[in-house]
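Biologist: Shall we go through this fold together? I would like to ask about the sheet, the aromatic rings and a few single residues.

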Amino acid sequence: METAERFRTAVEKRDLAALDDLFTDDIRFYSPVKFTPFEGKAMVLGLFGVLLRTFEDFRYVGRFDGTAETSTDGEETPSEILLFRATVDGREIHGIDMLQFDEAGRVKEFTVMVRPQSAVQALGQAVLAGLVADGLAPGGAAPAS
């Protein structure tokens, strides 16, 4: 899928402007450290700004494509999974980004899964600190909601 390649390039180049063009206005981002999704393009782009600063040595290492049911409306949509490796706070992360597309090919749902548990915790702490620093979350709030 062309959008997935453009997404991959934008992430690897840390290009938020390119990501803006790829997301729907009502995108939902499902995080491994927060129960409810981040919603809306402005919030998701803010989160990506934090993530791009947080991950060290980020690289995609594989991809799969197919279809999957979305959480938003239960419809089956074209989807792509990008496998990645990165480091956060000295901990190696293995993860996947699952992108689900609307009829125009833009990303409407984005789900991230990472392992191991210690890396998830380090990622959660680093992302929360970044969100607070950027004014996107209140200080001291836990990312559990």
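Biologist: Let me begin with the sheet: which residue in β6 does F23 stand opposite?

Modeller: Happy to help, and please keep in mind that this is a predicted model. Strand β1 covers residues 23–30, and four bridges join β1 in parallel to strand β6, residues 107–115. Across from F23 in β6 stands V107.

Biologist: On to another neighbour of β1: which residue in β2 is the bridge partner of F29?

Modeller: Strand β2 takes in residues 38–39, and two bridges join it to β1 in the antiparallel sense. One of the bridge partnerships here is R28 with E39. For F29, the partner in β2 is F38.

Biologist: What is the order of the six strands in the open sheet?

Modeller: Several pairings lead us there. β1 runs parallel to β6, and β1 runs antiparallel to β2. Further along, β4 pairs with β5 in the antiparallel sense, and β3 runs antiparallel to β4. With its mixed pairing, the open sheet has the order β2-β1-β6-β5-β4-β3.

Biologist: Which strands stand at the edges, each with a single partner strand?

Modeller: Each edge strand has one side left without a neighbour in the sheet, because it has a single partner strand. One such partnership is that of β1 with the edge strand joined to it by two antiparallel bridges. The edge strands are β2 and β3.

Biologist: Now the hairpins: which residue takes a positive phi in the hairpin of β4 and β5?

Modeller: β4 and β5 (residues 91–101) pair over 10 bridges, and I81 has M98 in β5 as its bridge partner. Two residues lie between the strands of this hairpin. The one with a positive phi, near 55 degrees, is D89.

Biologist: And in the hairpin of β3 and β4, which residue in the turn has a positive phi?

Modeller: Here 11 bridges join the two strands, with P78 in β4 as the bridge partner of T67. The hairpin has six residues between its strands. Its turn residue with a positive phi, about 75 degrees, is G74.

Biologist: Let us turn to the rings: are the rings of F29 and F48 stacked or edge-to-face?

Modeller: Nice one to reason through, as the search of the whole structure finds 12 aromatic pairs. For F29 and F48, the ring centres are 5.8 Å apart and the planes stand at 90 degrees. F29 lies in strand β1 and F48 in helix α3 (residues 41–54), so the pair ties together parts 19 residues apart in sequence. Planes over 60 degrees apart count as edge-to-face, so the F29 and F48 pair is edge-to-face.

Biologist: How many residues apart are F55 and F84?

Modeller: Their ring centres lie 5.9 Å apart with planes at 65 degrees, so this pair is edge-to-face. F55 sits in the loop between α3 and β3, while F84 belongs to strand β4, residues 76–88. The ring pair therefore links distant parts of the chain, and the separation of F55 and F84 is 29 residues.

Biologist: Which residues touch the most other members of the largest nonpolar core?

Modeller: This core holds 40 residues. Both F29 and F48 are buried, and F55 is buried as well. Not counting residues up to four places away in sequence, F55 touches R14, F84, A86, T87, V88, I93 and L123. Those that touch the most other core members are F7, F23, F29, F48 and F55.

Biologist: Is R8 buried or exposed?

Modeller: R8 is found in helix α1. Leaving aside neighbours within four places in sequence, R8 is in contact with Y60 and L82. Its relative accessible area is 18%, and under 20% counts as buried, so R8 is buried.

Biologist: Last one: with which side chain does the side chain of E5 make a polar contact?

Modeller: E5 is found in helix α1, residues 2–13. At 34% relative accessibility, E5 counts as partly exposed. At 2.7 Å, the polar contact of the E5 side chain is with the side chain of R63.

Conventions. Residues numbered from 1 in each chain as written. Predicted model: local features only at pLDDT ≥ 70, side-chain atom pairs only at ≥ 80, totals over all residues. Heavy atoms only, no water. Buried < 20%, exposed > 50% of the residue type's maximum accessible area, 1.4 Å probe, protein only. Polar contact = N/O pair within 3.5 Å; in protein donor to acceptor, adjacent residues only side chain to side chain. pLDDT = per-residue confidence, 0-100. Pairing = 2+ DSSP bridges. Core = buried A, V, L, I, M, F, W, Y, C linked by side-chain atoms within 4.5 Å. Contact = heavy atoms within 4.5 Å. Phe/Tyr/Trp six-rings, centres within 6.5 Å; stacked < 30°, edge-to-face > 60°.
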